[in-house]
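Biologist: I'm new to this one. Can you put it up so we can go through it?

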Amino acid sequence: AGRNVIDFAKHQIELADSLLKDLDEWAVKDGEAYTRLRRAFRSILSQRAGACTYVARFAGGQIFNRDHKGDPDARTPILPVDPEKQRRAVKFVCKKVFAEDAYQFDPKLLGKLAAGRYSHWGSDDYDFVVEFNIHDFVERAQYRCLLTLTNPFTIGRIHDNQVKFTNDQGTYSLAEHFKLLTSAIWAELDDDDREGTEAKPFINSFRRNLQRNHVTSLVNMVLSEPGGLVPADANALARLNVAKLSKEIAKTLKAADLDMTTKAHLVDVKKRIDKALEAEYSVGSTGGGGGGFFFFRQAEEPAGEPVLVLPNR
């Protein structure tokens, strides 16, 4: 793949998928423990996740050069990543990490991921948790990319894109970034014709975890002081996106044939969004000369509602 990181990540994913197809045939030989399979499985998926996370860094990315003024062919010290490459990177992550079919596993393979139980001198073949929690593993992999794409530093740099390119270069805007992520992560809401069952839910379990984390990132922006955690434009865009999302969820709850788990998920997410939209924020002084400081925690009563906690003065 050379210097093209996106092509390299694509190759890594294709390699991982091919290795997983017959993993139990080559990773463990007759007479060997299935713990070898568990380690191979974890290693392959970790390599896949790492490559995708690196691609996610291209959104709002910058290239730093140490050339001095007057050097032959001196490069600009700070160059933003080309807008089209930023856009391609986000679409790649949406397709290969966030999509409904991004993570599919053979149930028989999952049943063979045995835990190591030997804890003694010279052995590291020990797993504290016997079962392999595939949901936790996939959620961490997806969250790494989501956090890379939505943390305040990335959001701030994407916001700066609008002044870092000339008109003929185009731009990858914050509005486009929010729209791409929301559309991809909540694609099921555009398909009211599908039916959901407990065996095959309207929204699968990997996606439900991803959607909860996505809403949390947006709600944190909505409840923060405009221009504090993220640029004020990001606060406004987050509010617009969750307001639209609440309406789309309401439509799906009314029109679609949902399984009980998906219905519970959507009702819960909509409540969180609506409570955040109704909330007012306030900012406490840190006592210094800077701006406000805040952090979030989950409310104890009622559970699940976001609360803005001010620091002690």
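**Helix packing, pockets and a cavity**

Modeller: Helix 1 and helix 3 are roughly antiparallel (angle over 145 degrees) to each other. Helices here are DSSP H or I runs of at least four residues and strands E runs of at least two, numbered from the N terminus. This is a predicted model, where local features need pLDDT of at least 70 and side-chain atom pairs 80 or more, while totals for chains, interfaces and linings use all residues. Residues count from 1 along each chain, and side-chain values use heavy atoms, without hydrogens or water.

Biologist: At what angle do helix 1 and helix 3 cross?

Modeller: Roughly 160°, and the axes come within 9 Å. Axes are fitted to C-alpha atoms over the stretch in contact, with angles from 0 to 180 degrees between N-to-C directions. Helix 1 covers residues 5-21 and helix 3 covers residues 35-56.

Biologist: Which residues of helix 1 and helix 3 make the contact?

Modeller: Helix 1 puts in V5, I6, F8, A9, Q12, I13, A16, D17, L19 and L20, and helix 3 brings residues including F41, I44, L45 and Y54 (contact: heavy atoms within 4.5 Å). By class, 15 are nonpolar, two polar and two charged. Charged is Asp, Glu, Lys and Arg; nonpolar is Ala, Val, Leu, Ile, Met, Phe, Trp, Tyr, Cys and Pro; the others, with Gly, are polar.

Biologist: Next, helix 9 and helix 10. At what angle do they cross?

Modeller: Roughly 130°, with axes within 8 Å. That makes helix 9 oblique to helix 10 (neither under 35, nor 65 to 115, nor over 145 degrees). V215, L218, M221 and V222 of helix 9 meet helix 10 residues, among them A234, A238, V242 and L245. Eight residues of this contact are nonpolar, two polar and one charged.

Biologist: And where are helix 10 and helix 11?

Modeller: Helix 10 spans residues 232-255 and helix 11 spans residues 260-278. Their axes cross at roughly 145° and come within 9 Å. From helix 10 come R239, V242, A243, L245, S246, I249, A250, T252 and L253; helix 11 answers with residues including L266, V267, I273 and L277. That contact has eleven nonpolar, two polar and four charged residues.

Biologist: Switching topic: how much space is in the largest pocket?

Modeller: About 520 Å³. A pocket is an open set of 1 Å grid points with protein on both sides within 12 Å along at least five of seven lines, and lining residues have an atom within 4 Å of a point. Volume is the space filled by probe spheres on the points. Of its 19 lining residues, Y54, F58, Q62, I63 and V81 lie nearest the centre. Strand 1 gives the most to the lining, with three residues. Seven lining residues are nonpolar, six polar and six charged.

Biologist: What volume has the second largest pocket?

Modeller: About 410 Å³. Its lining has 16 residues, with E100, Y103, Q104, N204 and F206 nearest the centre. Helix 6 (134-150) and helix 9 (205-223) each supply at least two of them.

Biologist: How many cavities of 30 Å³ or more does a search find?

Modeller: One, holding about 50 Å³ (a cavity is a set of points where a 1.4 Å probe fits but cannot get out). Its lining is T150, I155, H177, F178, L181, T182, H214, S217, L218 and M221. Helix 8 (174-185) and helix 9 each supply at least two of these.

Biologist: How does the lining of the largest cavity divide by class?

Modeller: Five residues are nonpolar and five polar, with no charged ones. Two of the lining residues, L218 and M221, also belong to the contact of helix 9 with helix 10.
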